[in-house]
Amino acid sequence: MACEITNIGECIAEAIFGFILDILNMASEPFLNLIKKFLTEPVSITAFADIWGIIVYILSMFYGLFLVWIGIKFIISGEYPEEREKAKSDLKSIIIMMVLVQGSYHLYELFLAVSASLTKVVFNMIPGSFFRLTLESVSNFGFDLIFGIIYIFHLIIVLVLVLLRHIYVSAGVILFAIGIFFYFMSPLNSYGKLILNGLGVMIFLPFFYSIVFLVGSRIAELREFRNLKTLIMVGTLDIIILFTLLLLLFVIFKAATKVSKVAKILT
C-alpha cells in the first residue's frame, strides 16, 4: 500500500503492527530452527553404541543354547517329518535372528538416515514464508497477534515433543536389538512386534510431521484461506501435538495390555 497524506494513519498503524509481528517472528525463529534440525537431521546413536554392544553380547550368549536345542529336536524327530520340518524352520529363523541382531546397529542407522532424507525432501517443498507471521490486513491484526502468540506457544510444545522423540529414538538402537530377538522367540513374539512397531512409528514420525506442514502450506496458499494463514499454522501444530499424544497413549495402552495378559497367564 502506497503511503500518502490521505492514508498516513493507516500506514503508521501498518508499520507498527508489522514491527510487532517481526518481533514475534524473531522470537519464533530459534524454535523453528531447532524443530527443523531435529526432524531433518539423522539421529545420532553413537552415545549408545557401547550399551548396544553389551546388550548384543548378552543376547548372543543364547545363540548356542538355541542351536543345541534345535539340533536335539532335529535328532529326536527322525521318525516325524513334520517335526523335522519345524526344526529346519526354527533353524532358519534363528540364523536370520542372529544376523539381524548382530547387524541391528547399522540397520537402525540406515532407517534413521532414510527417515531424515524423506523428511528433508518434503521440508524443501514447503515455502519458508509459511512459518513466518505476516500481516495480511490491518483490520485482522488483533486476530493475527493473538494467534501469533498461540503459535509460539505451540512451537514450544512441539519442540519439547520432538526433543523427547529424538532422545527416545537415539536410545532406541538398544530396544531395536531386543525387539528383533523377542520377535523370533515364539513366547515373546508379541513383545517383539510391539517394540519394533513402536520404534518404526517413532523413526518415521518426522516424515508424517513434514507431510502435515506441507499440506498446511498448500492450503494457506489458496485464495480463500490467505487471510487465515496464522490459524492454519496453529492448526497444523495442533494436529501434530494431538497425533503425538494419541500415539503415546496408544503405545502405553498396548504395552499395559501385553503385560496384563502375561500376568494372567502366570497367575
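Is Thr 236 buried or exposed? Keep that one in mind while you load the model, which is a predicted one, and we'll get to it at the last stop.

**Whole chain**

Start with everything shown as cartoon. You should count nine helices and zero strands, so to speak an α-α-α-α-α-α-α-α-α run from the N terminus on. Now switch on the surface. The accessible area of the chain is about 15,500 Å², and carbon and sulfur atoms own 73% of that. Of the 267 residues, 34% count as buried. If you like contact maps, look away from the diagonal: among contacts with a separation of 6 or more, 81% join residues 24 or more positions apart.

**Stop one: Phe 66**

Select Phe 66, which sits in helix H3, residues 63-76. Its relative accessible area is 18%, and because the cut-off for buried is under 20%, Phe 66 counts as buried. Next, show what surrounds the ring. Setting aside residues up to four places away in sequence, Phe 66 touches Ile 94, Met 97, Phe 181 and Met 185. Then draw a C-alpha to C-alpha distance from Phe 66 to Asp 90: these two are 24 residues apart along the chain, and the viewer should give you 9.3 Å.

**Stop two: H5 against H8**

Colour helix H5 (residues 104-123) and helix H8 (residues 205-221) in two shades. Two packed helices are described by the angle between their axes and the distance between the axes. Here the angle is about 10° and the axes lie 8 Å apart. That makes H5 roughly parallel to H8.

To see who does the touching, show these side chains as sticks:

- from H5: Ser 115, Leu 118, Thr 119, Val 122 and Phe 123
- from H8: Pro 206, Phe 207, Ser 210, Ile 211, Phe 213 and Leu 214

**Stop three: Ile 211 and the nonpolar patch**

Stay on H8 and pick Ile 211. Besides being on the list of residues that meet H5, Ile 211 is partly exposed, with a relative accessible area of 33%. Which residues make a nonpolar surface patch with Ile 211? Add Val 215, Ile 219, Leu 222, Phe 225, Leu 228 and Leu 231 to your selection, and you have a patch of about 500 Å². Helix H8 is the biggest giver here, with three residues.

**Stop four: a salt bridge**

Side chains of opposite charge can pair when their charged atoms come close. How many salt bridges does the count come to? One salt bridge. Find it by selecting Arg 218 and Glu 221, whose closest N and O atoms are 3.9 Å apart. The cut-off is 4 Å, so 3.9 Å gets this pair onto the list. Arg 218 and Glu 221 are three residues apart in helix H8, which puts about one helical turn between them. Both partners are partly exposed: Arg 218 has 37% relative accessibility, and Glu 221 has 39%.

**Last stop: Thr 236**

Back to the opening question. Jump to helix H9, residues 229-266, and select Thr 236. With a relative accessibility of 5%, Thr 236 counts as buried. What is Thr 236 in contact with, once its neighbours within four places in sequence are left aside? Show Phe 130, Val 212, Phe 213 and Gly 216. Phe 213 may ring a bell, since that residue was also on the H8 side of the contact with H5.

How values were computed:
Residues are numbered from 1 along each chain as its sequence is written. This is a predicted model: local features need pLDDT of at least 70, side-chain atom pairs count only at pLDDT 80 or more; totals for chains, interfaces and linings use all residues. Side-chain values use heavy atoms; hydrogens and water are left out. Patches are made of residues with over 30% relative accessible area and no salt bridge: like charges are joined within 9 Å, nonpolar side chains (Val, Leu, Ile, Met, Phe, Trp, Tyr) within 5 Å. Accessible areas come from the Shrake-Rupley method with a 1.4 Å probe; for residues, only the protein chains shown count as cover. A salt bridge is a side-chain nitrogen of Lys or Arg within 4 Å of a carboxyl oxygen of Asp or Glu. Helices (H or I, at least four residues) and strands (E, at least two) are DSSP runs, numbered from the N terminus. Buried means under 20% relative accessible area, exposed over 50%, partly exposed in between (1.4 Å probe, protein chains only). Axes are lines fitted to C-alpha atoms, for helices over the stretch in contact, and angles run from 0 to 180 degrees between N-to-C directions. Angles under 35 degrees count as roughly parallel, over 145 as roughly antiparallel, 65 to 115 as roughly perpendicular and the rest as oblique. Contact means heavy atoms within 4.5 Å.
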